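Trainee: I've got a model open and I'd like to learn how to read it. Can you walk me through it?

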Amino acid sequence: MARPTSPRRPIFNANRLLALILGLPVLAGVAGTLLPAFGYLPALGGFRFTLDHFAELAGLPHILRSTLTGLAAGLVTTSIAVTIVGIFMAGFAGSPIFSRVQHMVSPLLAVPHAAAAFALAFLIAPSGFVLRLVSPEMTGFSRPPQWLVPNDPLGLSLIAGLITKEVPFLFLVALAACPQLPLRQSRQLTAALGYGRLSGFLISLWPALYRQIRLAVFAVLVYSVSVVDVAIVLGPQLPTTLPVRIARWASDPELLARFLASAAALLQLAVVVAAMATWILIERLGKLLLTRLTSSGRRFRSDGAVRLASALAMAACAILVFLGLAILGLWSVAGFWPFPDALPASVTPRTWLRTLPLLGAALGTTITLALFAASLALLTAILLLHRNGAKGSAGNGIGYKSLYLPLLLPEISFVFGLQILIAAAGFKPAFASVLAAHYLFVLPYVLLSLAAPWRELDPRFERIAAGFGKSSLRILLTVRLPMLFRACLTAFAVGFSVSISLYLPTLLIGAGRLTTIATETVALSSGGDRRVIGVYALVQAFLPFLAFLVASLAPQLLFRNRRAMRT
Amino acid sequence: MQEIAEANSSAGAKSLTLSNVEIRLGGRALLALSATVMPGEILTVMGPSGSGKSTLLAYVGGFLDPAFDASGRVLIGDEDITELASNRRHVGILFQDPLLLPHLSVGGNLLFAIPQRVKGHKARRELAEAALEEVELAGFFDRDPETLSGGQKARVALQRVLVSAPRFLLLDEPFSKLDAALRQQTRELVFSKAKAAGLPTILVTHDSADAKGAGGPVIEIAAGEEV
């Protein structure tokens, strides 16, 4: 049997390697959380297994409320985000409006969570832009009202903030799954049978589409239930959601709070499991409804209003965040700006001049971390994809799924454990350990971003090169990588942006000794000067855009004499 | 072409032999054949799409998907290359698309293909320039392949394969995407060059005009059946 070019059976299957790279630290982190939760942490004098820390946790004021608001906010966010994306796909996939909204929403993905949260906060706060626009004419307010917005106790602002970021993510994942659907045929078939666009899509295509995006939906659920940075900016205070409280205990100078943090991190893990179980119930219910709908034969021909609403909701996500960023920018240069003036009385560079020198060190750390994490992740991704061949990356093997491992567990539950392990092993929190944590979160996104273009490259180019006698490494370096240059840069930019936005891993692993723009920005949220927040949030939002700009311009410059390489 | 063939050929041309080749997919026999292709001879394998002709080329070239089972031997002269990796077979392939590497210049594409044993920047460049001149593309060395016409691209692709000094040629419906006038012209050029270089060649096609033009033996295979 001749199988000369199939790569020699690797000793290490690339999928298993990936599962190891991502799985080992995640599981170690969970273990590092588990033991202290039951009282075992020799470094802090905990040698005895006990349930005391759980008892202490249960006795804390408002602990149930903290737990439930986080859980509810996550479930509501996920339901609404899936609904918006689902209805929008159903109503518009394949239409011209679709690509217009797509261009509007895609850049949103690059905006770091914290910056987007501040953008929203600056719009909706009692002294925010929206109320200024309509005051005092329509509201009669000459002073900002005493509303608890953002940080409302029900978590509505938190939900809104999460939705603006999770909708673009789910949308782009769904978009990537779209080519595998028989879109046009199904549309024609269901239209011929008299179904509306929405119901036709839901009946014929939604189940297949949902299967493809399901892991991403769970990632959204886990993220929303466990989010820290957005919840600090937009979420309820007194009590804050559980993950925020855990983050505070975990970075408490009083080291004994670590035991409490561990117990709470375990509780958070249980919350995530509960959220997943609830979501699976919601899925069942949805399936049942869809089956009912299908067999009822109802056509739902007049669905225009619902479709329009979904398009507006999609657009609103983009408009809110970008308008909010503009307001952030305005604040950063605002002179005197009393309520209810819609615009500042004067514009001054003073805040920037004052803040930039302070920001320098954190900016340097942030960029260095992001460059290293993205480069390492890109190298790993190339290595794994090369090792796997085009086939493996397409498969649904266990390795490919292990990509989602760091995204399907609450960050706080294993990153905190890693922090404890690192300390227990006697390492000082330093650049290298924070970099390792960033790498863990950056790699999945880089790999996801590169896998599709890697698969789509015409294999015949490499066959021709093999015919010329080139080794597989030579072919990788001279054929595949140059042809995927743009895709590699995009994957790099994705990784860079993820690193820029990482808050919790930086905070916990860096143990406060390594500050980045993300940690500084979020730290400003309590009582920070609006003008300074404007500067930090803008800088944070600007960095990913810079990366994507470079990714799109570099091929133009490097290949200015090669037309096929510029598009 | 002569000069290039001579500058490059590793040894005198040898025949290509397929001995009891049988390819199966999931237990079902796709095709079975034995043939010897002499130097300068073009064996045409004809069959409708789905008949496994391209699978045959993948097997001979060493690119067969592991999903297939294959048995039999492939020989160059009396050297058995069945177990050899594709990048040690010295196989020249032309597909229906020219597949010029978009990040390289026209000349860069040729330099990429010229064997390592041609040493020295100057010698390699001269060889590439000469190959372009032969197909009326003198002065195209620095051009972006994307700016070439379909016929010009096809000619660059042909010369790229020939300067790589292959031991045999595989043609996978290489003319099917060219328009009628260009097809005739390109066909003649490719066949005459292959013969002049003394290469044993296998052509798979569903166009009987290709088979006629090749002027060699023709094997017809039916869809999914044994021959």
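**Reading a strand, a helix and a contact**

Mentor: Sure, and keep in mind that this is a predicted model. Let's start with strand β8 (residues 201-205) of chain B, which is mostly covered, as five of its five residues are buried.

Trainee: Which residues of β8(B) sit on one side and which on the other?

Mentor: T201(B), L203(B) and T205(B) are on one side, with I202(B) and V204(B) on the other, and both faces are covered.

Trainee: Which strands pair with β8(B)?

Mentor: Look for bridges. Strand β3 (residues 42-46) of chain B pairs with β8(B) in the parallel sense over five bridges; there, V45(B) has V204(B) as its bridge partner. Strand β7 (residues 168-172) of chain B also runs parallel to β8(B), joined by four bridges, and L170(B) is partnered with I202(B). To get from β7(B) to β8(B), the chain goes through helix α6 (residues 180-196) of chain B, making a right-handed β-α-β crossover.

Trainee: And how do I check the span of helix α5 (residues 150-163) of chain B?

Mentor: Use 1.5 Å a residue: its 14 residues should span 20 Å, and the end C-alpha atoms are 20 Å apart, which agrees. Twelve of the 14 residues are buried, so α5(B) is largely enclosed by the rest of the structure. Among them are A154(B), V156(B) and L158(B). Just after α5(B), A165(B) takes a positive phi of about 55°.

Trainee: How many residues does each chain give to the contact?

Mentor: Chain A gives 26 residues and chain B gives 33 residues. On the side of chain A that touches chain B, α20(A) gives the most, with six residues. That side divides into 13 nonpolar, seven polar and six charged residues.

Note on methods: Residues are numbered from 1 along each chain as its sequence is written. Chains are lettered from A and ligands numbered from 1 in the order in which they are written. This is a predicted model: local features need pLDDT of at least 70, side-chain atom pairs count only at pLDDT 80 or more; totals for chains, interfaces and linings use all residues. Two residues are in contact if their C-beta atoms, placed from the backbone, lie within 7 Å. Helices (H or I, at least four residues) and strands (E, at least two) are DSSP runs, numbered from the N terminus. Ala, Val, Leu, Ile, Met, Phe, Trp, Tyr, Cys and Pro count as nonpolar, Asp, Glu, Lys and Arg as charged, and the others, Gly among them, as polar. The expected span of a helix is 1.5 Å times one less than its number of residues. A residue is buried if 20 or more other C-beta atoms lie within 10 Å of its own, exposed if 12 or fewer, and partly exposed in between; C-beta atoms are placed from the backbone. Two strands pair if DSSP finds at least two bridges between them. A crossover is right-handed if, with the strands pointing away from the viewer, the path from the first strand over the helix to the second runs clockwise.
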